[in-house]
Amino acid sequence: DGLLTNTGVAWVWTIPASLPLPAGMSEGVARRLSRLPADAVKILVTAAAIGRTFSIALLADAAGAEMDAVLDAVDSGLAASVLEPVHEQDDDTYRFAHALLVDAVLRTVSPARQRIIHRRIADLLAARSPDAVDAVAWHYARSGDGSQTYTWCRSAAERAMARYALDDATRFLELALEHANAEDQRVAAQDQLAHAAELSGRWDEVARWCDAM
């Protein structure tokens, strides 16, 4: 595809803007999804939005579906080799058999619907598991709710900083900065980004964030 070139000294790999799946893999994913009933796909879209691994209870509430319908969708997913049980956790936890299936299921609905589903999941997690700040922040960021994204990303960053997980802290702070809607919010996020960069010894980033402030 012209992505590898030889300079006479070494081979150079040009990273493309997007890399399509090999035809065989795309066809395999499509074949698995084609075995699913339409009603099952609707519920599994919410499962995919939760993540590769999900619990039955959270799926039922996030999808707003009766438990029988959720179990039917899960059974269909198991039969089509789209889902598999996660026995090491508990009998009510399942995961998609491959990460590619998560993306493929999500692409069956519009981005607008995906944002609504992520918002529903974020609200449920915030009410039930407020300590799961990383997951709540992640779902709010995908819901398009800038105010909630800023608040939860700042909380997730603080927890990451306390664990010296500085790369995670930086990722959440950059998301917070992206969704800040006031100057004081931007400055607060930039200040924390400078602090995380300082602890990481990335002095050029420290200077950049200080200049931005």
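## Helix 9 and its neighbours

In this predicted model, the residues of helix 9 that count as buried are L166, A169, T170, F172, L173, L175, A176, L177 and H179. Helix 9 covers residues 166-179, which makes 14 residues, and the distance from its first C-alpha to its last is 20 Å, close to the 20 Å expected at 1.5 Å a residue.

What do the buried residues of helix 9 pack against? Their partners are helix 7 (133-143), helix 8 (146-162), helix 10 (183-200) and helix 11 (203-212). An α-helix has 3.6 residues a turn, so residues three or four places apart point the same way.

## Helix 8

Helix 8 can be checked by its span: with 17 residues at 1.5 Å a residue it should span 24 Å, and because its end C-alpha atoms are 24 Å apart, the two values agree. Its buried residues are T149, Y150, W152, C153, R154, A156, A157, A160 and M161, and the elements that cover them include helix 6 (111-128), helix 7, helix 9 and helix 10.

## The nonpolar cores

In soluble globular proteins, nonpolar side chains tend to be buried together. The largest nonpolar core here has 58 residues, and the members that touch the most other members are L33, F54, L59, V74, V82 and F96. Helix 2 (residues 38-50) gives the most to this core, with 9 residues. A second, separate core has 6 residues, among them M161, A165, A169 and A196; of these, M161 is one of the buried residues of helix 8, while A169 is one of the buried residues of helix 9.

F54 shows what such contacts look like for a single residue: leaving aside residues up to four places away in sequence, F54 touches A47, L59, V74, L83, D92, T93, Y94, R95 and F96.

## A contact across the sequence

V41 lies in helix 2, and, when residues up to four places away in sequence are not counted, V41 touches L36 and T108. How far apart are V41 and T108 in sequence and in space? They are separated by 67 residues in sequence, yet their C-alpha atoms are 8.4 Å apart in space.

## A nonpolar patch on the surface

Nonpolar residues also appear at the surface, where L4, W11, W13 and I15 make a nonpolar patch of about 550 Å². Within this patch, W11 has its place in strand 2 (residues 11-13). Is W11 buried or exposed? W11 counts as exposed because its relative accessibility is 62%, and the cut-off for exposed is over 50%.

Definitions and conventions. Residues are numbered from 1 along each chain as its sequence is written. This is a predicted model: local features need pLDDT of at least 70, side-chain atom pairs count only at pLDDT 80 or more; totals for chains, interfaces and linings use all residues. Side-chain values use heavy atoms; hydrogens and water are left out. Patches are made of residues with over 30% relative accessible area and no salt bridge: like charges are joined within 9 Å, nonpolar side chains (Val, Leu, Ile, Met, Phe, Trp, Tyr) within 5 Å. Accessible areas come from the Shrake-Rupley method with a 1.4 Å probe; for residues, only the protein chains shown count as cover. A salt bridge is a side-chain nitrogen of Lys or Arg within 4 Å of a carboxyl oxygen of Asp or Glu. Helices (H or I, at least four residues) and strands (E, at least two) are DSSP runs, numbered from the N terminus. Buried means under 20% relative accessible area, exposed over 50%, partly exposed in between (1.4 Å probe, protein chains only). A nonpolar core is a set of buried Ala, Val, Leu, Ile, Met, Phe, Trp, Tyr and Cys residues joined through side-chain atoms within 4.5 Å. Contact means heavy atoms within 4.5 Å. The expected span of a helix is 1.5 Å times one less than its number of residues.
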